[in-house]
Amino acid sequence: QPPQMTRAMKALRWRDVSDVDASRVQGGLLGLLDELTPRTVNVHRAACMAWLMKGGFIPANPLARIGKISEPPKDQPYRRALSDADFARFIAATERGPTIRRMSGAERALVFRFAATSGLRWHELQTLRRDAFSFDPRPAVRVFGRNTKNKKGDCLPVYPDVAIELQRYFAAHPARPDRSAPRRRPRPPRA
């Protein structure tokens, strides 16, 4: 029995060959996507069905009518959402990480936590300023329309635990002077 068959049978909860049917496989294959790429799931499925048919365990492929799971183009990386456990490990590793672009690991971890809970895009995060945050009565952040993809401003809630961390950060790190306003150099006197 090939290793793909053992792995697929375990993931799809097949006890024996009689459990192989299209309706049970649909949900099981999607469950495999938590740990495998669509291409790997498709290869496992094909290998299992070929092994079963070649060994004479089944007369025909019961999964033939189920299409393959769509795969991203080969030059495009496969992306998936991180599980809660993966995200927690990512945050822990970031907190222990070095300073990058003048941000300590703890600061980057806070930004990543805020980004993950708010759903804001990178450009939207970059354009936020301290005055965009309000913590009373409910924590929220205001995003201006000129900085959003859909060009519509919005006031988004901030998760309470992230809001507490942001308040602590703002209290410990006073605001720097506003550098967005252009500085005017005095003109030299005309001769």
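These legends go with close-up views of a three-strand sheet and a helix that packs against it.

Before you zoom in: this is a predicted model, where local features need pLDDT of at least 70, side-chain atom pairs count only at pLDDT 80 or more, and totals for chains, interfaces and linings use all residues. Residues are numbered from 1 along each chain as its sequence is written, and side-chain values use heavy atoms, with hydrogens and water left out.

**View 1. The open sheet runs E1-E2-E3, with antiparallel pairing.** E1 and E3 sit at the edges with a single partner strand each, so one side of each has no neighbour in the sheet. Strands here are DSSP runs of E, at least two residues, and helices are runs of H or I, at least four residues, numbered from the N terminus. Two strands count as paired if DSSP finds at least two bridges between them.

**View 2. A hairpin of five residues links E1 to E2.** Two bridges join E1 (residues 133–134) to E2 (residues 140–143). Ser134 faces Ala140 across the pair.

**View 3. E2 meets E3 (residues 154–157) over four bridges.** Look for Val141 opposite Leu156, and Ala140 opposite Pro157.

**View 4. Helix H5 covers residues 105–118.** Its 14 residues reach 20 Å from first C-alpha to last, close to the 20 Å expected (1.5 Å times one less than the number of residues). Buried residues (under 20% relative accessible area, 1.4 Å probe, protein chains only) include Leu110, Arg113 and Phe114. The buried set packs against H4, H6, H7 and the strands E1, E2 and E3. Right after H5 comes Gly119, with a positive phi near 80 degrees.

Methods: Buried < 20%, exposed > 50% of the residue type's maximum accessible area, 1.4 Å probe, protein only. Contact = heavy atoms within 4.5 Å.
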